[in-house]
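The following paragraphs lead the reader through one protein structure. They begin with a point of backbone geometry and its surroundings, and then turn to the chain as a whole.

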Amino acid sequence: MTCQIFAEILEKILENLEDDKNTLFSCMLVNRYWCKLAVRILWSKPFHLSYSPKLVRSYLPFFPPDSKVTIGLNHSFQPFQKSNPPLFDYPSFIRRISVYYMCCGIRSFILDIQFRDQGDSKQRRYTDAEWILFTRQTQNLSRELFKLFLTRSPNILSLNLAMQERDFCLRENPNKFLALDRYKSAKFALSKLRQFSSGGEGKKFYEILSKFCHNIKSFNIIYNFGDYCKFENLIKSQKNLEHLQIHHMSSLKEILNSLESQFMSLRTLEFWDCVFTDTSLDYVSKCFKLERIIFHYCSNLTAELLYPLSLAKFQNIKTIYFRFKERLDHKDRPIDELANLIEISNSTLSDLYIQGIGYPSIRIFQAIVNCKNLQKLSIQIQILGEFPLLLHIMKSCKKLHSISVQENPKFFVENFFLPPTSSGSIGNSMDSYLDANEFFPQISQILNEDVNHLVLNLPNCWITPETLRLFLNNCKANLEYLRWQSFHNIQLFVEIVEEYGRKMGKEIKYGNWKWEQFRDNVASKKTRLAVLNAYKYLLKTQKETFNGDFLAISEARRKTREEFLKNKNETDEIEINNQVNQALEAAEFIKSNVIQAVFDEKANRFKAKITENTELGDNESIKNPLSIKELKEKMKCES
C-alpha cells in the first residue's frame, strides 16, 4: 500500500515537470521505474519540446510496411529497414498533438534526409517545383504519423489544428489533410479529447468530431477563413464546455446561439479581434457561471449589444476585459452597460481592464469603488474629474496589487499648461503638460503594501524629481515594477529610482527594461541633453507659432514625438548630432517662415499674425524696380 501511494505521488510530481525535458532526462537515469514514468511523460507531447529529426526517426519502426511508398521519401533511406526493436511503444504515449509543431518536426526530418543523402544545404533556396514536392512529403508524412497516433494511443487529450505559418496546407481543409473519416480508431482515440483548437474550413471534419467528441472542456476557434456555421453542432454536442475562445470572426450569430446548450457549464468566454454585426448576447447573459469575459480589440461593441450583459445575474465573474477597437458614436457608447456589469460583479470581481472606450467614464469609476476584492486594475483617464475617483478607488480597494492608468490625450488638450523651469518662469522650455505634482504624493499615501505593479502611463503629466523622491520615500507599497513618462531630466529620475532600489535591497524595473539596461543603451550625457533640448525647442516653437490652435499644436506634437521615437535606438553620436541639427533647422524654419492667420469677425477677414521672428525681407526690388536698360546691363555683367 505504501509503495502504491509513493508511486502515485511520484507520478504527480513528474507530471508537473512535463515542460522541463532536462529534468525528465535526469529522472530517467535513476532506476527502471523512474525511467518508465519519465519516458511516458516526455513522449506525451514530444513535438512541443523539440523539433529534432530524431523524433520522427523514432516513430518510423512503428509504421506499416506500405508507408514508405505512401510517404514518398528517398528509397535509399535506411531507417525503414528492420533494426533493433524500440524499448518503448512511443506512439502509445502521445496525449497532446499540435499539427504545427508536428509539421515543424517533420520538416526538420525531411531536410535532414536531404542533407545526409544528397548533400544539400539546409539553408539553400528551393525552386517552386522542389517546394511543392517538399510540401507534399510533409503532408504525406503528417497524415501517416497522425494515423499512427490514432491507432496506437488509447486517448488523445489535446488536439491543436491551428497553423502559425502559411507554408503548410492545413489552413484549407483539415479533413483532406488528416483524413479523419478514414480511420476506424479515431472514435476511440478522440473520445476523451479535452482541449481542441480549430484550423481550416472543413465543415465535414468538424461534423465528424461532433460525433466522436463529447467531453471537450476547452475549445479555441483560431485562423478561420469562412464557413463559420460549422462549429455550431460541435459546441452543442459537448456535455460540459467550460472555455470558449474565438479569434478573427465576423459572423458570430450561430455560435452565440449554440451557447444556449452550455449555459450551465461555461466558465470562460473570450472574443479576440471579432466584429459583432446582427448579433445578440442574450445567450451569453444566461451563462450565469461565467468567471471570465473578454472582448479584446473587437468592433461594434455598442450599448445595444452589451445591454443583455448589464441585466445578467452572473454569480462568480472574476475577470472583465474590454478593449475597444474604434471610437463609438455618443449614442452607442456603453458607459452605463459596463458600469452595471461591474456593479453586478462587484463582490467577486478581481481583474478589470477597460481601454479605448474614448469617452469620459465617471459612471464606471463610481462602480469600481465598490469592488472590494479587486486585485488588478487597468483603466483609462479621460478627464481631470476622474482623478479624485481614481484616488478613491486606490483607497477603498484594499486588495489591489497591480494598477495601470493610461491617458487619452484627446481629452487633455484643454487642460495643458507649461511647467516651471529651474529659474521659476513658466512657459520657457517645455511643451504643455498636466501638473501631476499635486496628486502624485497623494498616491504614495494611499497605496497599500500589497501593490507591486504601478503604471502611470500619462505622457502629458509632469512631475519634478523632488516629487518622485518624496513619492518613493513615503510609499508603503512593495513596488517591483514602476512606470511613468517624463522627458524632464530623465538621468536624475533614473538615479532616484536606483537609489530607492539600493535602499530597499531590490531592483526596480521600468516598463520591460531594467534601469541598468536603460542607462546602457542611451548615448552619452552630452548627446542626451542635446536631443532633449532640441525636442523642447521644437515643441516650444510649435506652441508659439500655433498659439491658441489646439488642434494644430496636438498634431504637431504627435508628429514630433513620432519622428523622435523612430530613432530612439540610434547609438551613433555623429548620426544623432545630424538629426539634432535637422530638428533645430526645422524649428527655425517654422519660427521664421510659418505665419498664423486668425479670422477677424469685425473686419470679416483673416489677419496674419506677424511676430518679431517672422522673416519679412526688405522688398527693395519691388519698391525701387530697375529699368529695362539697367536690368539688361546687370544680366550682362552677371553672365
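**A guided reading of the structure**

In this predicted model, N300 is partly exposed, with a relative accessible area of 30%. The residue belongs to the loop that runs between β7 and α15. Its backbone deserves attention, for the phi of N300 is near 65°, a positive value in a residue other than glycine.

The loop between β7 (292–298) and α15 (303–310) also contains T302. Is T302 buried or partly exposed? With a relative accessibility of 18%, T302 counts as buried, because the limit for that class is under 20%. Leaving aside residues up to four places away in sequence, T302 touches L328, D332 and P334.

The helix that follows this loop, α15, is itself largely enclosed by the rest of the structure, since 6 of its 8 residues are buried. The buried positions in α15 are A303, L305, L306, P308, L309 and S310. Which elements cover them? The cover of these buried residues includes helices α14 (282–285) and α16 (335–344), together with strands β7 and β8.

A second positive phi is found at H248, where the angle is about 55° although the residue is not a glycine. H248 is located in the loop between β5 and α13 (253–258), and at 38% relative accessibility it counts as partly exposed.

Strand β5 (residues 243–247) pairs with β6 in the parallel sense, over 5 bridges. Within this pairing, Q245 stands opposite E270 of β6. Strand β6 (residues 268–272) is mostly covered, with 4 of its 5 residues buried. As a general point, side chains in a regular strand alternate between the two faces of the sheet.

Attention may now pass to the aromatic side chains. The count of aromatic pairs comes to 21. One of them joins Y321 and Y353, whose rings are 4.3 Å apart centre to centre, with 5° between the planes. Why does this pair count as stacked? The planes of Y321 and Y353 make an angle of 5°, and planes under 30 degrees apart are classed as stacked, so the pair meets that criterion. The pair links distant parts of the chain, as Y321 sits in strand β8 (residues 319–324) and Y353 in strand β9 (residues 351–355), 32 residues apart. The two partners fall into separate accessibility classes: Y321 is buried, at 17% relative accessibility, whereas Y353 is partly exposed, at 23%.

Elsewhere, ring pairs connect several aromatic residues into a cluster. Its members are W43, F47, Y59, F62, F88, Y90, F93 and F149.

The nonpolar interior comes next. In soluble globular proteins, nonpolar side chains tend to be buried together. Here the largest nonpolar core has 144 residues, and those with the most contacts inside it are F196 and F471. Helix α7 (residues 99–118) gives the most to this core, contributing 10 residues. Which residues does F471 touch? When residues up to four places away in sequence are not counted, the contacts of F471 are F440, I443, S444, L447, L454, L479 and L482.

The cysteines raise a further matter. How many disulfides does the structure hold? The number is 0. For C103, the nearest cysteine sulfur is that of C104, 7.2 Å away. The nearest cysteine sulfur to C274, that of C298, is 5.0 Å away. A disulfide requires two cysteine sulfur atoms within 2.5 Å, so neither of these distances qualifies. Both residues are nevertheless covered: C103 is buried, with a relative accessible area of 1%, and C274 is buried at 0% relative accessibility.

Finally, the chain may be considered as a whole. The protein chain contains 27 helices and 19 strands. Of its 639 residues, 46% are buried. Among contacts with a separation of 6 or more, 70% are between residues 24 or more positions apart. The protein chain exposes about 34200 Å², and carbon and sulfur atoms supply 50% of that area.

Terms used:
Residues numbered from 1 in each chain as written. Predicted model: local features only at pLDDT ≥ 70, side-chain atom pairs only at ≥ 80, totals over all residues. Heavy atoms only, no water. Buried < 20%, exposed > 50% of the residue type's maximum accessible area, 1.4 Å probe, protein only. Phe/Tyr/Trp six-rings, centres within 6.5 Å; stacked < 30°, edge-to-face > 60°. Helix = DSSP H or I, 4+ residues; strand = E, 2+ residues; numbered from the N terminus. Core = buried A, V, L, I, M, F, W, Y, C linked by side-chain atoms within 4.5 Å. Contact = heavy atoms within 4.5 Å. Areas by Shrake-Rupley, 256 points an atom, 1.4 Å probe, with all protein chains shown as cover. Pairing = 2+ DSSP bridges.
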